[in-house]
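I opened this notebook to keep track of what I looked up, entry by entry. My interest is in which side chains pair up and where they sit.

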Amino acid sequence: MDLSAKVDWLRVSLPNDTPLREILPHSEGLQIGHDNVRPFPRYTRAYRFKAGGRVDWNPDQPQQKTLLTFTGSDLDAQQLTGVQAVELAGALSAAPGATVTRLDLAIDILESGADPQTVHDAYVKGEVKSHVRQVDRFDRYRRGQPRAGVNIQFGSRTGERCLRVYDKSAEQGTADPWTRLELELKRAQGMRAAEAIQAQPVSQVAAGLIRELMKTGVPWFEQALDECAAGSFTAAKPGRKQTNSERWLYETATPAFLAALEAGDVKTMRALLSYLEDRGLTLTNL
């Protein structure tokens, strides 16, 4: 199957006096940005990182933890600067007093037969083995258009585990087949996943945790988990709209990098040559 797997959301709370510069990976993308950011409720201060992600805190309430949030687009943008989502999750979750308040693992299935509705039908027929007591179905609609896709949610978002099976192509407005299995993990389950992905590929961890939650008997669903667990799948890039991370890469990072090269910036040139050398490449054999 055409599959890919990744960390798609990360939110971690840390004690208010945590020295973030000593914990975060060293990267230009994790430097403080200059955007004005409205704090989340119950917080009074906030800033964004240059490549994506944010920090919220309340200096008047030292007992209140600092909150770091990275959406899927933020994590994609950070990856373009050299910071992997797995590395970021490991660094933050290992900090003293850390709590993973949310960590999402996503498996993308690029197959036309991967219909979320079949999983819902199997549940209604009693064919899904799971301790999940709450299952909800949400249809995606666009104003003035017919139904755009189906979203099946197994479990409550207030619990520690929740699985969404939905039509990602409808959400992104692309005609290419794209179904997502998105496992949202919180607190103890989030900490467990953050630790697990340090030792195993994200695809294997995601497949194992979804299997713990439910077994469906739906062929495409079970095949996707089997291949993710075995690591025997073909990773493919879904067709979709341009993401925030891509816009940042093409409109900000690349022009800045080229401008530095043209200006003869030694550090930039050394970074490029070092990158090529590590991969056995030169400027002439790209």
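Before the first entry I need one term: a polar contact is a pair of N or O atoms within 3.5 Å, and within protein one of them must be able to donate a hydrogen and the other to accept it. I also keep in mind that I am reading a predicted model.

**Entry: a loop residue.** I looked up Thr 18 and found it in the loop between strand S1 (3-14) and helix H1 (20-23). Its side chain has a polar atom that lies 2.8 Å from the backbone oxygen of Pro 15. I then asked whether Thr 18 is buried or exposed. Thr 18 counts as buried, because its relative accessibility is 15% and the cut-off for buried is under 20%.

**Entry: salt bridges.** I turned next to charged pairs, since side chains of opposite charge can pair when their charged atoms come close. How many salt bridges does the structure hold? I noted 21 of them, and I followed a few in detail.

**Entry: Asp 108 and Arg 180.** These two residues form a salt bridge, with 2.7 Å between the closest N and O atoms. Asp 108 belongs to strand S5 (residues 99-109) and Arg 180 to strand S10 (residues 179-185), so the pair ties together parts that lie 72 residues apart in sequence. I checked the accessibility of both partners: Asp 108 is buried at a relative accessible area of 4%, and Arg 180 is buried as well, at 3%.

**Entry: Arg 164 and Glu 182.** I found a second salt bridge between the side chains of Arg 164 and Glu 182, at 2.8 Å from N to O. This pair also links distant parts of the chain, with Arg 164 in strand S9 (residues 161-167) and Glu 182 in strand S10, 18 residues apart. Arg 164 is buried, with a relative accessible area of 6%, and Glu 182 is buried with 7%.

**Entry: the network.** Glu 182 forms a salt bridge with Arg 180 too, where the closest N and O atoms are 3.4 Å apart. Following shared partners, I arrived at one network of salt bridges, whose members include Asp 108, Arg 164, Arg 180 and Glu 182, and also Lys 6, Asp 8 and Asp 76.

**Entry: helix H2.** Because Asp 76 is in that network, I looked up helix H2 (residues 72-80), where Asp 76 is one of the buried residues, along with Gly 72, Asp 74, Leu 75, Ala 77 and Gln 78. Just after H2, I noted that Gly 82 takes a positive phi of about 105 degrees.

Key
Residues are numbered from 1 along each chain as its sequence is written. This is a predicted model: local features need pLDDT of at least 70, side-chain atom pairs count only at pLDDT 80 or more; totals for chains, interfaces and linings use all residues. Side-chain values use heavy atoms; hydrogens and water are left out. A salt bridge is a side-chain nitrogen of Lys or Arg within 4 Å of a carboxyl oxygen of Asp or Glu. Helices (H or I, at least four residues) and strands (E, at least two) are DSSP runs, numbered from the N terminus. Buried means under 20% relative accessible area, exposed over 50%, partly exposed in between (1.4 Å probe, protein chains only).
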